[in-house]
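Me: Got a model open here and want to go through it piece by piece. Can you take some quick questions?

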Amino acid sequence: MVVNVYQRTAADILKELKVTDKGLTEADVERLRKEQGFNELEEAAKKSAVQIFFEQFKDFLVIILLAAAVISAFLGKLESAAVILVVVMINAALGTVQHIKAEQSLKSLKALSSPSAKVLRNGQRMEIVSREVLAGDILYLDAGDYISADGRLMEAFSLQVNESSLTGESESVLKTTEVIDGHHVAIGDRKNMAFSGSFVTYGRGVMLVTAIGMNTEIGKIANLLETAKEKKTPLQENLDSFGRKLALAILGICVVIFGLNLARGHALIESFMFAVSLAVAAIPEALSSIVTIVLAIGTQKMATENAIVRKLHAVESLGSISVICSDKTGTLTQNRMAVQKIFVDGKVLAYDELNHDKVLERKLIQMALLCNDAVTIEKKDIGDPTEIALVNLGEVYGLDELVMREHYPRIGELPFDSDRKLMSTFNRYRDSRIMITKGAIDALLQRAAQIEKADGVFPLSDTSKHELESINREFSEAGLRVLGFAYKEVGEEHAVSPADEADLVFLGLIAMMDPPRGESASAVASCIEAGIKPVMITGDHKITASAIARRIGILREGTEAMEGRELDETSDEQLKEMVERISVYARVSPEHKIRIVRAWQEKGNVVAMTGDGVNDAPALKQADIGIAMGITGTEVAKDAAAMVLTDDNFSTIVKAISNGRSIYANIKNAIRFLLSGNTAGILSVLYASVAALPIPFAPVHLLFINLLTDSLPAIALGMEPHTGSMMNEKPRDIKTPILNRAFTTEVLAEGFLIALSTMAAFHIGLQTGNAADASTMAFATLCLSRLLHGFNARSAASVFRIGIFTNKYLWLAVAIGYLLLKLVLTMDPLMHVFEVVPLDYYQYLVVYLASAMPLAVVQAFKLITFKSEAA
């Protein structure tokens, strides 16, 4: 790392690093890589797989199971103890695998769309991944570039850099190449340097890299940061709270049942095993793992559709989103400027209607390519988006910018700056020397004295000026960005200055825009249909933003657009009152974005906000769901976001909401399936205890059901295909807990039905055989009826309405579950381990009929209630 950079010249630093201004050679790269490593920030030490595994045993419900296993072993029930331990270990292994997978997903997210850097190596300009940048590299900086290392500026042409990630100041800093005297100069005052994490807002420059990775200023900040603990999601907190209450209730009931059985004269071991059965029946061992697996499957599917979920609460919140505040550029639009209209020789033409054989029209394209710093190399666009649009226009007519610039070489330039609103280049053009000027039409008209038409050059009259202003206004109102072009012949070589930009010959106008994405309009329509209000927030001008918003359906009748300066004059209370009728916000600052989000939230809405810059991070954190752009987004924005779009596309947000709604519905169905099955087990054991009947289940029976035959259908329910009808519903109220009164009533009712069938089979078993027969029949009925109950849990509607065979995974899960049950009931070694006895044909018939009863009753109820609602 080079020290006191701002006090030294670039030549001095090159000498220290033993490199030249021709860029690094391959030998230099190899040498410096060994010394410096890669340009990346170090991560905090991660927990080992062993630590993660043992952390799975902290759960109170798991501790109860472990205690049950130890006591079972002490009382001689070694098979029961072994099965309980195996189940707990499987559960811990599942939790560990999911944790590690989540970390790997985050790792791949960091690699996603790694920023690139334009460097000089072996005397040639090339583009490399920013991770490979070394101290000693020479970087080219253009407007819009993300700066990937710290360095000393060698050249600066009106170069302005936003350093808000380091200084907190949103205003760009004008850079220089002069040596700065003095010690302990603040970062914001080191104007001959540029820093990692900042980005170029204007101009261009060349920088010598002096620090990378952890040695950069932003690396020093990263060193001081402590990793914040990930907040639990509302669903996780809900389930944890339910688990704690359930555990306490189980312990209380188990003590009562244990005491009751002892008082009735039952043996100690039998009384204890009764209590253990109840504990095992009540504890939904697989619940936590199933929710995690369903979330993982759902988020994996979302990742294939270009939405990477970084924070789990996002999945729950997605279904509740009622407002999407979206950036315009790149999200609703294509993030590339494209020429739309051209005005030349008194005519307005579409971009593809120019006649290359006409001198004036050919000259306008040529000058657009010459007064231009952008290039396209191997299908990669390098440079300012506006200038790239002009290069692409040249390609339409078979003109290559590099060939053109070689043919008419540049001999001087006046870079663009925001005060003049102009850029000029001096070129050798045919047999003369000319100055080509492009820029804002108002600035150009002040400096133009003549206008060129097909039949010659004429004085620029007031009439011509009014015509140009009228065309400019027409283009601007259509949301187009307009550039004027003019030129003049210049005499002998002299030191160029802005004073030369006078007495110009006006040539024409080229109007461009960042066009809407093809799918934006349909995505906006889907939002509105789903009860979600789309809002455009942009730094662009109000006219441009409104034109795009109208085209895609965001700005509709009854809604309006507002500018940042109007927001400044509006109080928070006023904004809250008017926020529902504002669909477009233009020329906004990061502070404005936070105010807009808060105004919506204070009206009870769940807000999603998109962003890509460092300055968007506060608004992304303020929003209920921050959505960062994967391609154009900075690492700061991605870290602040709950979700990252890998294609920066608004329609992906709409798809993610639809997927989020489905995932939440699937999780809810899986939880309902598991809890209703557990309820059936609890009611069965309680009934047997209160009725002074023999114990209906061994603990291994219930563990087998809870962990094996229940888990597979629950996972399959998490893979239930979602239908388009999800987006016809209004957003879900985020304050409504998953375990609400209606949900609990369903769980209890369905659990009661399954318990009724199970106890019916148990009674028939006691009448036709002994306690062992009855226990085996109760076990088989509970297991099979819970498997079939998976079809009830698929939807609020009957399977006959949603399609019996649409979830192939559930059919497979039920088939595997039935096969496992059949093996336990018929294979000698397994029969001994699971404490079952052979059943005769009549007993099997009872089991099958009793198991089918809850399915038949629930499906009949759903069909009847649907017909009643339809009527």
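**M831 and its surroundings**

Reply: Starting with M831, this residue sits in helix α31, residues 828-833. Keep in mind that the model is predicted.

Me: Is M831 buried or exposed?

Reply: M831 has a relative accessible area of 8%, so it counts as buried, the cut-off being under 20%.

Me: What does M831 touch, beyond its neighbours within four places in sequence?

Reply: M831 is in contact with V824, L825, T826, V836, V837 and P838.

Me: And how far is M831 from T776, C-alpha to C-alpha?

Reply: The two are 9.9 Å apart in space, with their positions 55 residues apart in sequence.

Me: Switching to the sheet. What's the strand order?

Reply: β8-β26-β25-β24-β9-β21-β23-β22, an open sheet of eight strands with mixed pairing. β8 (307-309) and β22 (560-563) are at the edges; each has a single partner strand, so one side of each has no neighbour in the sheet. From one strand to the next, the twist averages 20 degrees.

Me: In which sense do β9 and β24 pair?

Reply: Parallel, over three bridges, with β9 covering residues 323-327 and β24 covering 607-611. I324 has A608 in β24 as its bridge partner.

Me: Which strands does α21 lie across?

Reply: Helix α21 (residues 590-602) lies across β9, β21, β23 and β24, and runs at about 165 degrees to β24.

Me: Same question for α24: which strands does it lie across?

Reply: Helix α24, residues 650-690, lies across β8, β9, β21, β24, β25 and β26. Its angle to β9 is about 155 degrees.

Me: How do α24 and α28 cross?

Reply: Their axes come within 10 Å and cross at roughly 150 degrees, α28 being residues 771-792. That angle is over 145, so α24 is roughly antiparallel to α28. The crossing is right-handed.

Me: Which residues make that contact?

Reply: From α24, R672, F673, L674, S676, G677, N678, A680 and G681; from α28, L782, R786, H789, G790 and N792. By class, the contact has four nonpolar, seven polar and two charged residues.

Me: Last one, E750. Where does it lie, and what does it touch?

Reply: E750 lies in helix α27, residues 741-768. Not counting residues up to four places away in sequence, E750 touches R672, S676, H789 and V858. R672 and S676 of α24 and H789 of α28 also belong to the contact between those two helices.

Me: Is E750 buried or exposed?

Reply: E750 counts as buried, at 9% relative accessibility.

Key:
Residues numbered from 1 in each chain as written. Predicted model: local features only at pLDDT ≥ 70, side-chain atom pairs only at ≥ 80, totals over all residues. Heavy atoms only, no water. Pairing = 2+ DSSP bridges. Helix = DSSP H or I, 4+ residues; strand = E, 2+ residues; numbered from the N terminus. Axes fitted to C-alpha atoms, helices over the stretch in contact; angles between N-to-C directions. Contact = heavy atoms within 4.5 Å. Parallel < 35°, antiparallel > 145°, perpendicular 65-115°, else oblique. Left-handed = near helix turned anticlockwise from the far one by under 90°. Nonpolar A, V, L, I, M, F, W, Y, C, P; charged D, E, K, R; others polar. Buried < 20%, exposed > 50% of the residue type's maximum accessible area, 1.4 Å probe, protein only.
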